[in-house]
Structure formats: structure tokens, C-alpha cells
Amino acid sequence: MNIYVIGKPIKHSMSPIIHNYWLTKYSKSHIYKKKEVNKAFLPQIIKQIKEHKIIGANITIPYKKDMFKLLDNLDKNAIQSKAVNTIYRKENLIFGENTDGVGYCEALKREKKFEISNKNVLVLGSGGASFGIISELINRKVAKIVISNRTKKRGVELIEKFQNNDTKFKLIDWKKIEPDSSIDLIINTTSFGMNENETIKINMKNLKDSIIYSDIIYKPKKTQTMKIFERKGFITQNGLGMLVNQAAESFKLWFNIKLTSQDIIEAKELCEKTY
Ligand code: ATR
């Protein structure tokens with residue numbers, strides 16, 4: 001049987017490399033395939049899982065929110081982020097979950113030994129990716145989240161959505177990003193940086209030496225902003241770790257197999273060969 005990743009465009013997805021590697025390694029005779037679809041096709045995917053024609057699916061840009069609206073059964077991170085990136089069967093019902101946030105946090109833990117609980121985080125962006133990550137930052141009890149978004153209104157909406165939790169929130173102007181020395185981690189969840197000439201203007205004068213700058217972008221391998229942080233001696237991380245770790249969470253939902261750190265490293269190395 002197949003597993004699909006659906007989106008539009010989907011040509012450049014690395015997910016088949018990752019999942020087909022694990023499927024072979026765990027002797028599963030399924031194939032993970034990319035499928036470019038229009039929005040009207042989304043209900044078909046749910047139907048195919050119901051009818052045992054496919055195992056499940058990953059949903060990517062731009063359909064994560066649309067799929068959320070189509071599903072009756074949702075897990076915690078899907079509900080909190082209002083977005084679904086994984087559909088799977090659980091006790092004959094079709095469920096949707098969002099594994100992006102867990103993938104992001106696990107990548108930080110595995111690759112940088114960084115534990116997010118009680119930390120102060122600056123999150124750049126208030127789009128779908130930001131919602132997915134913040135949902136899990138809250139689950140893992142971060143102390144403070146500072147938001148900066150080009151369109152202020154979307155930043156305000158995001159804070160309104162999440163602020164009933166213990167985590168403190170603050171909004172800062174996109175044109176004046178000046179993190180103070182309390183910030184432990186910066187996460188760029190925007191698409192700004194995918195083009196080589198795009199640099200996020202961040203005033204670095206107050207930053208602590210141990211701060212990590214992380215980008216969820218993985219193409220290019222190093223964004224301009226990552227390069228600037230590295231030149232100043234700061235630790236950086238791109239989005240490939242998040243991609244592989246969110247995939248591992250999806251794999252667990254489909255097969256109830258908890259992949260090892262070694263499985264995750266091997267899949268990431270395969271992806272790195274494609275740069
Ligand atoms: P996704 O689901 O991938 O997060 P999205 O919901 O369209 O996509 O959100 C994209 C994010 O990138 C938003 O925070 C967006 O800022 P706006 O809310 O102002 O649109 C941000 N973004 C996209 N292009 C940007 C740019 N050129 N400069 C700054 N921020 C940008």
C-alpha cells in the first residue's frame with residue numbers, strides 16, 4: 001500500500017527519501033509517494049484511508065489548515081495549532097495530528113542538547129508553521145515567548161489564541177527586532193530566507209553567548225541570517241532536523257514504531273547528500 005505526501009507544489013519534498021529509507025529498514029512493503037493535488041482532492045485522501053486503500057498521509061503547504069477543517073478526530077497539537085500534517089487510522093477512525101512542533105523540539109534536543117522547558121524564546125513569524133511550533137513550546141512549558149511578525153495583526157491574533165497558558169507572551173515590532181539578554185533561542189518560522197539574498201534584521205548587541213539561532217528553512221542549507229549569526233560565533237541550526245524528526249513522529253503514528261536516534265541520523269544523512 002502507499003502512503004502519500006500531498007501538497008502543491010510538492011516536487012521538492014524530501015519526505016519520500018526519509019520514509020522510504022525507514023520503510024525498507026523496517027521491512028515494510030509500502031511505498032511513500034509525492035502527490036500534487038488540488039484542494040478539492042483532500043476529502044478523497046481521507047476516504048482512501050477509510051477504505052484501507054492507503055496507510056495514511058502527510059499534508060504539507062498549503063493544505064495543513066484545510067485538512068484540519070475536514071477531520072472529525074484530532075489530536076492535541078492539531079487542535080492547538082489548527083493544522084494537520086499527518087493523517088492516520090486509530091481504532092477504525094481517521095485521526096489528524098500535527099507533528100511539526102514535536103519534530104522541531106526533538107531536533108533541538110537531539111542535535112544541540114537543548115531542553116526547551118523554562119527557556120525564553122523569540123519566535124519570528126505568525127503563520128501556520130509558527131502555530132505548530134508554539135503549540136509544542138507551550139506543551140513543554142517554555143517560560144516566555146516573544147513574537148515578531150511583519151504583519152502585526154497576525155502576531156496579535158497568535159498571542160490571543162495561546163495566551164491562556166502559563167507561558168508569558170510579548171509582541172515586538174518586526175522593524176525593530178532587538179532581543180534582550182534573557183532570550184535563549186530564536187526560531188525563524190517565516191519563509192523569509194528561502195531566497196539567498198534575504199536577511200532578517202536582528203540587533204545582536206544584547207544577545208547571550210549561548211543563544212541558538214534556528215531556522216525552519218532547510219533550502220538553502222544555510223540562510224543568510226544563519227551565516228551572519230555563525231560569523232558572530234553563535235550556534236545555528238537549519239530546518240532539516242525538524243523535517244526528519246517530524247517524519248519520525250508521523251512514522252510512529254502509522255506503524256507504532258519508535259525510530260531510534262540512529263534511524264533519524266541515517267535518514268538525515270541521506271537528505272544531506274541531495275544538497
Ligand atoms: P506557513 O504556513 O508556512 O507558516 P504562512 O501562514 O503564509 O505560511 O506564513 C508565512 C509567515 O512568513 C508569516 O509570518 C509571514 O508574515 P506575514 O504574516 O506578515 O505575511 C512571513 N513572511 C512571509 N514573507 C515574508 C517577508 N518577505 N518578510 C517577512 N515575513 C514574511
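Start by selecting N203, which sits in the loop between β10 (185–188) and β11 (212–215). Helix and strand names here follow DSSP runs, numbered from the N terminus (H or I over at least four residues for helices, E over at least two for strands). Before going further, note that this is a predicted model: local features need pLDDT of at least 70, side-chain atom pairs count only at pLDDT 80 or more, and totals for chains, interfaces and linings use all residues. Residues are numbered from 1 along each chain as its sequence is written.

Is N203 buried or exposed? N203 is exposed, because 10 other C-beta atoms lie within 10 Å. (The scale: buried means 20 or more other C-beta atoms within 10 Å of the residue's own, exposed means 12 or fewer, and partly exposed is in between, with C-beta atoms placed from the backbone.) Show I177 and E178 next: setting aside neighbours within four places in sequence, N203 is in contact with both. Contact means C-beta atoms, placed from the backbone, that lie within 7 Å. Now draw a distance from N203 to I217: they are 14 residues apart in sequence, and 21 Å apart in space, C-alpha to C-alpha.

**The sheet with β10 and β11**

Colour the open sheet of six strands that runs β9-β8-β7-β10-β11-β12, with parallel pairing. Strands pair if DSSP finds at least two bridges between them. At the edges you'll find β9 (168–173) and β12 (235–237), each pairing on one side only. Neighbouring strands of this sheet are turned by 20° against each other on average, ignoring direction. (Axes are lines fitted to C-alpha atoms, for helices over the stretch in contact; angles run from 0 to 180 degrees between N-to-C directions.)

Zoom in on β7 (residues 120–124) and β8 (residues 144–149), which run parallel and are joined by five bridges. Pick L124 and you'll see S148 of β8 opposite. Then switch on helix α6 (residues 128–139), which lies across β7, β8 and β10 and runs at about 170° to β7.

**The other sheet**

Move to the open sheet of six strands ordered β2-β1-β3-β5-β6-β4, where the pairing is mixed. Its edge strands are β2 (31–36) and β4 (73–74), each with pairing on one side only.

Begin at the β2 edge. β1 (residues 2–7) pairs with β2 in the parallel sense over six bridges, and I6 has K35 of β2 as its bridge partner.

At the β4 edge, two bridges join β4 to β6 (residues 93–97), and these strands run parallel. Select L74 here: its bridge partner in β6 is G96. Keep G96 highlighted, since I87 also stands opposite G96 in β6. Five bridges join β5 (residues 86–90) to β6, and this pair is antiparallel. Where does the hairpin of β5 and β6 show a positive phi? Look at E91, with phi near 45°, in a hairpin that has two residues between the strands.

**Helices around α10**

Next, helix α1, which lies across β1, β2 and β3 (54–59) and runs at about 160° to β2. Two packed helices are described by the angle between their axes and the distance between the axes. For α1 (residues 15–25) and α10 (residues 261–272), the axes come within 9 Å and cross at roughly 135°. That makes α1 oblique to α10. (Under 35 degrees is roughly parallel, over 145 roughly antiparallel, 65 to 115 roughly perpendicular, and the rest oblique.) The crossing is right-handed; that means the near helix is turned clockwise from the far one by less than a right angle, while anticlockwise would be left-handed.

Show sticks for I17, I18, Y21, W22 and K25 of α1 and D263, E266, A267, L270 and C271 of α10, which make this contact. They divide into seven nonpolar, no polar and three charged. (Nonpolar covers Ala, Val, Leu, Ile, Met, Phe, Trp, Tyr, Cys and Pro; charged covers Asp, Glu, Lys and Arg; the others, Gly among them, are polar.)

Stay on D263 in helix α10. D263 counts as partly exposed, with 19 C-beta neighbours inside 10 Å. Leaving aside neighbours within four places in sequence, D263 is in contact with W22 and K25. Its C-alpha is separated by 31 Å from that of L122, 141 residues apart along the chain.

Last stop: α9 (residues 240–255), whose axis comes within 10 Å of that of α10, crossing at roughly 130°. These two are therefore oblique to each other, in a right-handed crossing. Select L240, G241, V244, N245 and A248 of α9 with I264, A267, K268 and C271 of α10 to see the contact. By class, that contact has six nonpolar, two polar and one charged residues.

Definitions and conventions: Contact = placed C-beta atoms within 7 Å.
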